[in-house]
Amino acid sequence: MKTHITLRFSLKRLMAAAVALLLLSAAAGCSSDTEDPVKETLTVQVTIAPDPPVVGKNTLTIQVTDAASLPVAGVTVTVDATMPAMGHGSNDVPVVTDKGGGTYEATPLTFQMAGSWQVTVKATNGDVAGEKVTTYAVK
């Protein structure tokens, strides 16, 4: 009989601890600091040369426009090329140059081998951003 009482008491303590832990974890997810999220309001379009891309050095031309389809200058643009099937990226980090009028050029965009490559272009300008992910069949 004493074992039954001890077990019941232990289960009550365990349940109370579980409820307390649940409440603490829910409260931890709430924050009094408010942070404005980046708004996805920029449109990113890309073209590649040569087309189709080749093993070696290629050039990516990027056009960034706002919600009104107007070109956006002075944007921070990053380009990341990965080959998901092989689990690696490009050996070169392309240099992005602002060509004016919302046009940017990333070169060299280097593909080390033939196959499927995924190129992610991110554009940010203050609290607005845009992203374009394109898959290329490199020959």
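Rings of Phe, Tyr and Trp (for Trp, the six-membered ring) are taken as a pair if their centres lie within 6.5 Å; planes under 30 degrees apart count as stacked, over 60 as edge-to-face and the rest as tilted. The model is predicted, so local features need pLDDT of at least 70 and side-chain atom pairs pLDDT 80 or more, whereas totals for chains, interfaces and linings use all residues. Residues are numbered from 1 along each chain as its sequence is written, and side-chain values use heavy atoms, without hydrogens or water.

By the ring criterion, one aromatic pair is counted. The ring centres of Phe 111 and Trp 117 are 5.1 Å apart and the planes lie at 55°, so the pair is tilted. Phe 111 is buried (under 20% relative accessible area, 1.4 Å probe, protein chains only), with a value of 1%. Trp 117 is also buried, at 0%.

The largest nonpolar core (buried Ala, Val, Leu, Ile, Met, Phe, Trp, Tyr and Cys residues joined through side-chain atoms within 4.5 Å) has 24 residues. Leu 60, Ile 62, Val 79, Val 119 and Val 121 have the most contacts inside this core. Strands (DSSP E runs of at least two residues, numbered from the N terminus) that each supply at least two core residues include β3 (56-65) and β8 (115-125). Val 119 is in contact (heavy atoms within 4.5 Å) with residues including Leu 60, Val 79 and Phe 111.

Ser 90 is placed in the loop between β5 (88-89) and β6 (95-100). Not counting residues up to four places away in sequence, Ser 90 touches Ala 81, Thr 110, Gln 112 and Trp 117. The C-alpha atoms of Ser 90 and Trp 117 are separated by 9.4 Å.

Definitions and conventions. Buried means under 20% relative accessible area, exposed over 50%, partly exposed in between (1.4 Å probe, protein chains only). Helices (H or I, at least four residues) and strands (E, at least two) are DSSP runs, numbered from the N terminus.
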